[in-house]
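Work through the exercises below with the model open. Try each task before reading its solution.

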Amino acid sequence: MPNRENWQGEVLRDLNADSAPPAQSAPPAESAPPAASPPPAESAPPAFEARGFGGSAPDNPAAQTGPGAQPQFREGAGRGTPPQGPPPTHPHPQPAYQQPLPQQPQQPLPQQPQQPQQPHPHPQQPQPQPLQQPQPPYQRPQAPAPRTPDSRPVVDQTLAAATLRKPLHGEPLTTRATRAIRRTVSASAAREVAEITRTAEVLQQPVTTGRQIAVTSIRGGAGKSTVTALLGTTYAHYRQDPVLFVEADPALGSLPLRLGAESLRWTTGDVAGIVEPQMSLLDITGYLVQLPGNAWLLPGSQGQIGAMLDTRAYERAMVALRRYFGVTVVDCETLPAEVARVALAAAQARVLTTPATLEGITSAYAVLQWMQGLPKHVIAGTVVVITELAPHPGLNLTEAAQKLKSTGVRVQVLPYDRHLAAGGAIRTELLAHSTREAATRLAAEVFQLSQKRH
């Protein structure tokens, strides 16, 4: 029991004990703070000890001075008697100071072998990513370029030099002189000029799409190539747009010879696989034979025996070339060849040539009767040309023409011409006056028929 008379000494002893550092107890290993760190202030509740009523830490080991200590009361102490002097003050709890742990030296990580870097002029700036180029659309692989054929002459020069004579005029000199005198003393010259003017107006009519005119015959030797050459030459003379001659008769056709072509290279079958829609007229004419004036020729063969022309190749060539030329005149095979039937069906106008003989008129009449069973526009757009192969045929041409007109076709007569009968290149200045008039009327009538059919 404490001594009541010496209680003040106990209070002083307690105060001294408070001012001394409290005895440290060994904290648990897993939760002990560092030795120099005071207890955390966040967990210390506001409490105080009643000095003089309980023993100090050395006297009372059960007394707690750390955080969370509850007030202790000693037995026999005066309850309700506060100790003298100001009560001990406790400052606001400060955050616990922790001594920094000693840092362990870091072991350097094993370095990976670095790849050699390319030197860059600006290593600090990011490299711009290359732009993705747009992928071109899929294009169908193009066919290999066709082989360029060799140029071949139309006529053997040695053969021509040995056999060719000076070309004759279409009519004798006496006939030409008589006509000139008649024009001088009569008024027929004015009528002739007026008729030529009307014909020229018809031939110069504009076209929206290319006109195709097919020329065929029943048998060979009927003047088919000659009529084709006369028609195309007339169109090239009167019209401003280009004119095309197409030879769809590869079996030794004579159209290149009649037009005066010197050499041949590309044929209809070759051009059918070359022409593309994006080509220009200048590109197309590089595969054609240029003729005097604004005319061009596409031959059917190079004069080779046994040459063939496929109907599909002919159709591809004609469809591709149609938009480049105002008028196309086609020299077809003789009927009933397959290419000739295709050409007649696709043309806007048709010309059927027949010789001025009884055999020729009979064959033409049989064909016209067969054509009457076809659509009406076929026979309505057909012109029959009776060609005189001799100066005085033993046939009444007027009665023959009336017989053929009864089937619904139109009929023209091409008179005998010495220049045409020679079979060489046609020179318009050497044609007979009647031949030029007949060719001009025929060209105007066929062109009018082609304008009616779209």
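The exercises that follow concern a predicted model and deal with its nonpolar cores and its salt bridges.

**Exercise 1.** Find which residues touch the most other members in the largest nonpolar core, and which elements supply at least two residues each.

Solution.
- Step 1. The largest nonpolar core has 47 residues, and Leu 244, Tyr 314 and Leu 404 touch the most other members.
- Step 2. At least two residues of this core come from each of the strands β3 (243-247), β6 (295-298) and β9 (382-387), and likewise from each of the helices α9 (311-321), α10 (338-346), α11 (358-371), α12 (376-380) and α13 (397-405).
- Step 3. Helix α11 contributes the most, with five residues.

**Exercise 2.** List the residues in contact with Tyr 314, leaving aside its neighbours within four places in sequence.

Solution.
- Step 1. With those neighbours set aside, the contacts of Tyr 314 are Ala 248, Leu 309, Val 330, Val 339, Val 342 and Ala 343.
- Step 2. A second core, separate from the one above, has 40 residues, among them Leu 203, Val 215, Val 289 and Leu 431.

**Exercise 3.** State how many salt bridges a search of the whole structure finds, then explain what the pair Lys 224 and Asp 331 ties together.

Solution.
- Step 1. The search gives five salt bridges.
- Step 2. One of them joins the side chains of Lys 224 and Asp 331, at 2.7 Å from N to O.
- Step 3. Lys 224 belongs to helix α5 (residues 224-238) and Asp 331 to strand β7 (residues 327-331), so this salt bridge links parts 107 residues apart in sequence.
- Step 4. Buried means under 20% relative accessible area. Lys 224, at 8%, is therefore buried, and Asp 331, at 0%, is buried too.

**Exercise 4.** For the pair Glu 445 and Arg 410, decide whether each residue is buried or partly exposed.

Solution.
- Step 1. The side chains of Glu 445 and Arg 410 form a salt bridge of 3.5 Å, N to O.
- Step 2. Glu 445 sits in helix α15 (residues 433-452) and Arg 410 in strand β10 (residues 410-414), so the pair connects parts 35 residues apart in sequence.
- Step 3. Glu 445 has 14% relative accessibility and counts as buried, whereas Arg 410, with 31%, is partly exposed.

**Exercise 5.** Give the N to O distance for the pair Glu 429 and Arg 427, and the exposure of each residue.

Solution.
- Step 1. The side chains of Glu 429 and Arg 427 meet in a salt bridge at 2.9 Å.
- Step 2. Glu 429 is partly exposed at 46% relative accessible area, and Arg 427 is partly exposed at 38%.

Note on methods. Residues numbered from 1 in each chain as written. Predicted model: local features only at pLDDT ≥ 70, side-chain atom pairs only at ≥ 80, totals over all residues. Heavy atoms only, no water. Core = buried A, V, L, I, M, F, W, Y, C linked by side-chain atoms within 4.5 Å. Buried < 20%, exposed > 50% of the residue type's maximum accessible area, 1.4 Å probe, protein only. Helix = DSSP H or I, 4+ residues; strand = E, 2+ residues; numbered from the N terminus. Contact = heavy atoms within 4.5 Å. Salt bridge = Lys/Arg side-chain N within 4 Å of Asp/Glu carboxyl O.
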